[in-house]
Amino acid sequence: MIYAMSDIHGQYELFRNLMEQILLGKDDTLYVLGDVVDRGPDSMNTLKYMMANLNIIPIMGNHELMALPCLKLLVSELSKDFLHKMSSQAHQSFAEWTLNGGISTIQEFLKLPQEERRQVVEYIESFRPYGKKIINNGEYWLIHAGLEHFSESRQLEEYSVEELVWKRTDFDIAYFKNITVVSGHIPTQNILGNSRPGYIFKKNNHIAIDCGAGGNNGRLAVICLDTGEEYYAE
Ligand SMILES: [Mn+2]
């Protein structure tokens, strides 16, 4: 079975709850569509659990993309003049990331021994830009957010990671007749006209699976793409 989950945002308890519900077997695969880190209390344990399970395939989110250059600078022990020595570009990266919920991730990261920090950075660097899968004769594209500079003739491989992690999906148009696009990034609470806010949303060959675990009144969701079955933790 192929499962998809997204936007865990450090909600390790909800994540573990869902893992217990789906009981991922060794022939199963779980795609995690990015934004594992930030906002919530337990990003590092979530990443460590994922690292230890090779049938969990991580896909890059905008939060990982913001975190990476900063985490790399925080792997070594910090010197007293760390802030003074930082380039203005690095200052900017930290400013952007911390405005978007990076503080809790930084605090957790700095508590890890150096070797684990290095492993976490390497793991995030290994996140894929997208996933692609044929399930029950149907093609599925698995991405964090959307397809920037979309054109029907463009192959998934031709999109850069930046084009896949920031752009909001337009759920009012079907991108393809024969391809289902599975995405996170936009909590389904924020999709206009959604009659089931906070639950998995399907329309126009889109499946939106960010159910707002990172915010108030949200939940974490996982969908089995083979059966369409939905699982929730809140
Ligand atoms: Mn996102």
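A residue counts as buried here when its relative accessible area is under 20%, and that cut-off comes up again in the close-ups below. Keep in mind that this is a predicted model.

**View 1. Two histidines at the metal site, both buried.** Histidine 144 has a relative accessible area of 0%, so with the cut-off at under 20% it counts as buried. Histidine 185 comes out at 17%, and because the limit is 20%, it is buried too.

**View 2. The manganese ion and its four donor residues.** Holding the ion are Asp35 through OD, Asn62 through OD1, His144 through NE2 and His185 through ND1, at 2.1 to 2.2 Å. Read along the sequence, the spacing of these donors is D-x26-N-x81-H-x40-H. Histidine 144 sits in the loop between S5 and helix H8 (161-165), while histidine 185 sits in the loop between S6 and S7, so the two of them tie together parts that are 41 residues apart in sequence.

**View 3. The open sheet, strand by strand.** Five strands line up here in the order S4-S5-S6-S8-S7, with mixed pairing. At the edges you'll find strand S4 (131-135) and strand S7 (201-203), each paired on one side only. On average, neighbouring strands of this sheet are turned by 20° against each other, ignoring direction.

**View 4. Zooming in on S5 and S6.** Strand S5 (residues 138-143) runs parallel to strand S6 (residues 179-183), and the two pair over 5 bridges. Tryptophan 141 is a handy landmark: look across from it and you'll meet valine 181 in S6. As background, strands in a sheet pair through backbone hydrogen bonds, in either a parallel or an antiparallel fashion.

**View 5. The largest pocket.** This one holds about 290 Å³ of space. It has 22 lining residues, and the closest to the pocket centre are His9, Arg39, His185, Pro187 and Asp210. His185 is also one of the manganese donors from View 2. Helix H3 (residues 62-73) supplies the largest share of the lining, with 3 residues. By type, the lining splits into 5 nonpolar, 11 polar and 6 charged residues.

**View 6. The second largest pocket.** Here the volume is about 150 Å³. The walls include Arg168, Thr169, Asp170, Phe171 and Asp172, along with Ile186, Asn190, Ile191 and Leu192. Phe201 and Lys203 line this pocket as well, and the edge strand S7 spans 201-203. Sorted by type, the lining gives 5 nonpolar, 2 polar and 4 charged residues.

Key. Residues are numbered from 1 along each chain as its sequence is written. This is a predicted model: local features need pLDDT of at least 70, side-chain atom pairs count only at pLDDT 80 or more; totals for chains, interfaces and linings use all residues. Side-chain values use heavy atoms; hydrogens and water are left out. Two strands pair if DSSP finds at least two bridges between them. Helices (H or I, at least four residues) and strands (E, at least two) are DSSP runs, numbered from the N terminus. Axes are lines fitted to C-alpha atoms, for helices over the stretch in contact, and angles run from 0 to 180 degrees between N-to-C directions. Donors are N, O and S atoms within 2.8 Å of the metal (3.2 Å for Na, K and Ca); water is not among the atoms, so sites may look incomplete. Buried means under 20% relative accessible area, exposed over 50%, partly exposed in between (1.4 Å probe, protein chains only). On a 1 Å grid over the protein atoms alone, a cavity is a set of points where a 1.4 Å probe fits but cannot get out, and a pocket is an open set with protein on both sides within 12 Å along at least five of seven lines; lining residues have an atom within 4 Å of a point. Grid points are joined across faces, edges and corners, and a volume is the space filled by probe spheres set on the points. Ala, Val, Leu, Ile, Met, Phe, Trp, Tyr, Cys and Pro count as nonpolar, Asp, Glu, Lys and Arg as charged, and the others, Gly among them, as polar.
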